[in-house]
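Colleague: Could you take a close look at one part of this model for me? I'd like to hear about the place where the two chains meet, and then whatever else stands out.

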Amino acid sequence: MLTMLTLAFLVTGFSNQSNAQLTGQQIMEKVYYNPSGDDTQGKLSMTLTNNRGEERVRTLTQYIKDDGKVEKKIMYFLSPADVRNTSFMNWSYTDGRGDDQWIYLPALKRTRRISSDGKSDYFMGSDFTYDDLGDRHPNQDSHKLLREETIDGQACYVVESTPKEDDYMYSKTITWVMKDNFLGLKREFYDDRDRLLKVLSIKDFKKIDGFWTILETEMHNVQRDHKTIMKFTDVKKNKGIPESRFTERSMTLGG
Amino acid sequence: MKIQTIIATLLALILLTPAMAQENIDITGYARNYTGVLTGGNNDFSIIQNTFDLKFEKNSDKISLKVNPYLNHYFDSDLELGLREAFLDMRFDKFDLRIGKQQIIYGKAEGVFITDAVSPKDLREFLLPDFNEIRMGITAAKVNYYFGNSTIEAVWAPIFTPTQMPDEGSIWRPSMIFPITPTYDYSTAEIDPQLENSEFFLRFSSMGSRADFEVVGGYFWDDDPTMHITKEIDPATMQLTGLTVRPEHHRLAMGGASFSTPLGPTLLRGEGGYYSGKYFQTETPTISDATIKRDYLHYMVGLDYTLAGVMLSGQFIQENILDYEQGIRNDEVESTITFLAKKDFLREKLWLELFTYIGVNNEDALIRPKISYAFADGFDVQFGANIFVGDKGRFGQYYANDMIYTKIKYSF
């Protein structure tokens, strides 16, 4: 888990292939396989708003490195004060192994491995599950191109994805993929009773160091009417993050 | 510490704070009220404690400094000013050096101390405080050498710090039953601050995709004093006429290892330590000072699992005295089980937790349910209970100390 924060399914580059007869599967593969850089670093703020309009803010810095076989991520929590200097590291593998995860709690002065079977858990109390933010492979779902339509002035493919596994947390998702750059612009998540549960919207994106990058995104839980806004700042790509960033020493020392 | 000294120290801290902010010294901490009431008898307060805990940190690429003073104020107006940690870090390419008062934690066990023998314990309120408050800092020099995902750590502690036991009269004072009131002889209770009285620890640790593990060793003083007991017998009547209890710390050697590895969605943890040189109390009449030296094993196996959003964790722990003989007060094998269940609600604003120690030998237990609610970021209110089951054993001896408590904490 915590393969999140890359928002991989939404991060793409330009495609120069003909898009004339693309199927739903092909569209989602283009989204998945477009490059997002070998490494990424930046700051993230999450604003959690409940149905009474009360806000809570979490901030962290993160480093991500992907060598094609292992994606390593480390996060250093900055706020709120009671989690400050906590760090979290995740290694996820392309060979199907479960993720490895560690947490460093400064009060306990030690790094401990934690079990990682919590993809449906919500990240830091936000509206994003670990899986929402992860690198879900297109072969895990069956995809159907529903239609083409324009939203927010962007021509999009609208693709419905139904999970192949029986016990997945969503019965289906519907994704609006921009035609010109294969960037996901919006996604709807449906619960196990096929009711709309959450809507993810991309509010800001731009090219950074040659890669399209999400800078602001909102997840709205329409059933409970609370939402989470994620903002990415100081984002840098391909700066050569050393392997030593993803070690116990680094977790202990902080960001 | 005298109140005037404490007030002067606080004033100095307050006056220096703006200057420290200008120097980019990071200041964090918390203020907390902790109130506990015994549920038996007259509903006496077991504790009313106000804590102010500050951390000053200055970090640069190569050097960092951390000072963590704390102030406890008790309902009887006692003030306690202390330092949890105060150290200087020097970082080099492949190794770090930390010098000063520091907490050093070993092992993979939760809530029990197996190879975790470096930092002594503050047991003035038994095992009830947060573990970062139970573990005391020691003055030490620590070197960590890094290669890949592995670390070799060496610790030299020149000054011995013993376990901090509850004061006489405290409800948390462990029961020691003597046939007559003893006299205490503290002539051997202290370890002189001399070079040859240093403590040494060595640890190798590695983190990887399949497993994490540690191998540790240490040569140190037993944090808990052995009570050497001398009996005076009236030769005429052969009646016991006097008892002298002489606390003394002895050297221990320890070697151990721990690991944690994922088994699918489950995390398997294990830890074991071999202790050499431990003294145990014995009732064998032929042994003059009522103590006997035996090696012992201490080990644990544990599983962590998340089910329907509930974090579950269980541990089975055993202490096994080797070459056991009748008369030793401790059981040859003492088993303990711990269990933890924890779940959050309302987007991590509300947490429910149950932690339990179960003593198998004496059928005793400590049950610790608690509920905490985050009114705002950094501001938590906690309600909990500590329920002691049984009437003897490590937990049952405190059967009269069942309590409910509240903690109100603001972190900044």
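How many residues of chain B are in contact with chain A, and how many residues of chain A do they touch?

Modeller: Sure, and keep in mind that this is a predicted model. On the chain B side there are 29 residues in contact with 26 residues of chain A. Helix 2 (131-134), strand 14 (251-263), strand 15 (266-281) and strand 16 (291-307) of chain B each give two or more residues to that side. Strand 16 of chain B has the largest share, with three residues. Sorted by class, the chain B side holds nine nonpolar, 13 polar and seven charged residues.

Strand 16 turns up again in the largest nonpolar core, along with strand 7 (138-147), strand 8 (150-157), strand 11 (212-221) and strand 17 (310-321) of chain B, as the elements giving two or more residues. That core has 24 residues, and Val118(B) and Val155(B) touch the most other members. Leaving out residues up to four places away in sequence, Val118(B) touches Ile104(B), Tyr106(B), Ile138(B), Val155(B) and Phe201(B). There's also a second, separate core of 21 residues, with Met46(A), Leu183(A), Ile202(A) and Phe232(A) among them.

Now follow strand 11 of chain B out into the loop before strand 12 (226-234), and you'll find Asp222(B). Asp222(B) counts as partly exposed because it has 19 C-beta neighbours inside 10 Å, and a residue needs 20 or more to be buried. Beyond its neighbours within four places in sequence, Asp222(B) is in contact with His249(B), His250(B), Leu252(B) and Lys278(B). Thr161(B) is 61 residues away from Asp222(B) along the chain, yet their C-alpha atoms are separated by 9.8 Å.

Key:
Residues are numbered from 1 along each chain as its sequence is written. Chains are lettered from A and ligands numbered from 1 in the order in which they are written. This is a predicted model: local features need pLDDT of at least 70, side-chain atom pairs count only at pLDDT 80 or more; totals for chains, interfaces and linings use all residues. Two residues are in contact if their C-beta atoms, placed from the backbone, lie within 7 Å. Helices (H or I, at least four residues) and strands (E, at least two) are DSSP runs, numbered from the N terminus. Ala, Val, Leu, Ile, Met, Phe, Trp, Tyr, Cys and Pro count as nonpolar, Asp, Glu, Lys and Arg as charged, and the others, Gly among them, as polar. A nonpolar core is a set of buried Ala, Val, Leu, Ile, Met, Phe, Trp, Tyr and Cys residues joined through C-beta atoms within 7 Å. A residue is buried if 20 or more other C-beta atoms lie within 10 Å of its own, exposed if 12 or fewer, and partly exposed in between; C-beta atoms are placed from the backbone.
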